[in-house]
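Here are some exercises for getting to know a new structure, each followed by a worked solution. Take a look at the model, try each task yourself, and then read on.

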Amino acid sequence: MQQQIKIYFALLVLILMGTSACKKAQVFIGDAEEIVSPTTGTRNQFTLDSIFLYAKQVYLWNEVLPGYAEFNPRQKYETISSDITAFRKELFDISQLKINLATGSPYELPVYFENPKYSNLQLGRSLPGTSAEVVNPGTAILASKLIATGSVQVAYIALGSFPKLSTTKAALDEAFADLASANPKAIVIDLRSNGGGYLETAEYIANLIVPGSLNGKVMYSEVFNSAMQNGSVPILKHQPYLDANGKTTLYNGRNATMADVDYSVAGNTYKFSKKGNLQSIQSVYFIVSGNTASASEMLISCLKPYFDVKLIGEKTYGKPVGFFGINIDQYSLYLSSFLIKNANGWFDYFTGMQPDVMIKGVDYPVLGDPDELCLNAALSLVTGTRTLTASKLATTGKIANVKADFLRVNNVESVMLENRLRLRK
């Protein structure tokens, strides 16, 4: 008979802001009900415990994490005087354990000092699953116009960010309705300053671009670790599930928690559902840079299986992972939690997407100007007056200001956030 393994979890009930009392933080694993973390300690120690224990279950690459006793977060970081410095150092150490065999370096190799490329910890509590209180809405549309090049009408739109859909849907609908008036066969999407944002908004933009013939076809999937997919993440019982309005939701006669969410691949696969009346696009050209990251890279990836897609500019940041907010005491923890895979199963752009035409643009381009270097290159590709091989030989690569890129891209305002997590049926 197959042995039944009982797993009991009794983790720290998160210390509310302003509370300094010591709470129990323990995890029982296996038939022996081994106590994994201490039941007493300081507020700092419980936070160190919680960061590790959440990562042990929620982190995308959790399989490489050692046991609690081996990692020993309390002892390892007790000499660091600043609490938040200790917490961020712990997160950094966790993030460096999974090695990308293709590069020989960690997937979260920092681009600036000891800051993970993806995972993040911020002072201030978020709404679990939405992060609505910590994300700057930003500006979605920076410029939009139709450009006539010869006898060809080309749609052009520059997108600065992907704020919550409710704040930008009307503007997006209006812009794409104007572009659809000329029935353009090509569209140039300028993402060179777009660090990402809400996946729901990037998805909506994809649905504005595609023809109705793609309805029902896979756009992308969010792939969590195996424990998340199987629903064996009891630690998330300590995170309330909130609806789009930030309200608690009843589930099986009690308040729902993030442990009740459906993290399966099937439950997190999104399909095209045409929006708007733009039906004529056949080829898509993206202007990109090292600041093009997260949800903006997802937009590129999800269109690749269905369109002739070309990239112009500089290599993208490389962020095929997404997040939801986890509250620990007065902090918001953003662990790399899921991979984004397109309809072909592609996700391996951790080191960035290489442009088809490499161009080092200027810092402050005139958006929508047909003579601007990157847009001019895109228009030349549309009309066939530029060849890809010749353009690669004639242009220079990127000299990255890694500190500036990190500060622009790796912050809570520029992540791939999922605010549509659904409860299991």
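**Exercise 1.** Find the residue of β15 that is the bridge partner of Ile-187, and describe how the two strands pair.

*Solution.* This is a predicted model, so every step reads a prediction.
- Step 1: Look along β15 for the partner of Ile-187; the residue there is Val-284.
- Step 2: Ile-187 sits in a strand, β9, that covers residues 186-190, while β15 covers residues 283-288.
- Step 3: Follow the two strands together: they pair in the parallel sense, over five bridges.

**Exercise 2.** Place β9 and β15 in their sheet, and name the strands at its edges.

*Solution.*
- Step 1: Read off the strand order, which is β7-β8-β9-β15-β16-β21. The sheet is open, has six strands and shows mixed pairing.
- Step 2: Look for strands that pair on one side only: these are β7 (141-149) and β21 (357-358).
- Step 3: Start from the β7 edge and inspect its pairing with β8, which is antiparallel and runs over eight bridges. One place to check is Ser-144, whose bridge partner in β8 is Ile-157.
- Step 4: Now turn to the hairpin that β7 and β8 form, with two residues between the strands. Gly-150 in this hairpin has a positive phi near 65°.

**Exercise 3.** Which strands of the six-stranded sheet do helices α8 and α9 lie across?

*Solution.*
- Step 1: Take α8 (residues 295-303), which lies across β15 and β16 (308-313). The helix runs at about 155° to β15.
- Step 2: Take α9 (residues 373-383), which lies across β7, β8 (152-159), β9, β15, β16 and β21. Its direction is at about 150° to β16.

**Exercise 4.** Work out how α6 packs against α8 and against α5.

*Solution.*
- Step 1: Begin with α6 (residues 199-209) and α8: their axes are 9 Å apart, at an angle of about 35°. The crossing is right-handed.
- Step 2: List the residues that touch. From α6 come Leu-199, Ala-202, Glu-203, Ile-205, Ala-206 and Ile-209, and from α8 come Ala-295, Met-298, Leu-299, Cys-302 and Leu-303.
- Step 3: Sort this contact by class: ten residues are nonpolar, none is polar and one is charged.
- Step 4: Move to α5 (residues 165-180), which packs with α6 at an angle of about 15°, the axes being 11 Å apart. Angles under 35 degrees count as roughly parallel, so α5 and α6 are roughly parallel to each other.
- Step 5: Check the handedness here too: α5 and α6 cross in a right-handed way.
- Step 6: Pick out the residues in this contact, including Leu-172 and Phe-176 of α5 and Tyr-204 and Leu-208 of α6. By class, the contact has seven nonpolar, two polar and three charged residues.

**Exercise 5.** Describe the sheet with the order β6-β19-β18, and the helices that pack on it.

*Solution.*
- Step 1: This open sheet has three strands and antiparallel pairing.
- Step 2: β6 and β18 (326-328) are the edge strands, each with a single partner strand, so one side of each has no neighbour in the sheet.
- Step 3: Ignoring direction, neighbouring strands are turned by 30° against each other on average.
- Step 4: Zoom in on β18 and β19 (residues 331-334), which pair over three bridges. Here Ile-326 has Leu-333 in β19 as its bridge partner.
- Step 5: Add α1, which packs on the sheet by touching β6, β18 and β19, at about 155° to β18.
- Step 6: Add α4, which touches β6 and β19 and makes about 165° with β6.

**Exercise 6.** How do α1 and α4 pack against each other?

*Solution.*
- Step 1: α1 (residues 43-58) and α4 (residues 83-95) pack at about 20°, with axes 10 Å apart. This makes α1 roughly parallel to α4.
- Step 2: The crossing of α1 and α4 is right-handed.
- Step 3: Residues that meet include Leu-48, Ile-51 and Phe-52 in α1 and Ala-86, Phe-87 and Ile-94 in α4. The contact of α1 with α4 divides into seven nonpolar, two polar and two charged residues.

Terms used:
Residues are numbered from 1 along each chain as its sequence is written. This is a predicted model: local features need pLDDT of at least 70, side-chain atom pairs count only at pLDDT 80 or more; totals for chains, interfaces and linings use all residues. Side-chain values use heavy atoms; hydrogens and water are left out. Axes are lines fitted to C-alpha atoms, for helices over the stretch in contact, and angles run from 0 to 180 degrees between N-to-C directions. Helices (H or I, at least four residues) and strands (E, at least two) are DSSP runs, numbered from the N terminus. Angles under 35 degrees count as roughly parallel, over 145 as roughly antiparallel, 65 to 115 as roughly perpendicular and the rest as oblique. A crossing is left-handed if the near helix is turned anticlockwise from the far one by less than a right angle, and right-handed if clockwise. Contact means heavy atoms within 4.5 Å. Ala, Val, Leu, Ile, Met, Phe, Trp, Tyr, Cys and Pro count as nonpolar, Asp, Glu, Lys and Arg as charged, and the others, Gly among them, as polar. Two strands pair if DSSP finds at least two bridges between them.
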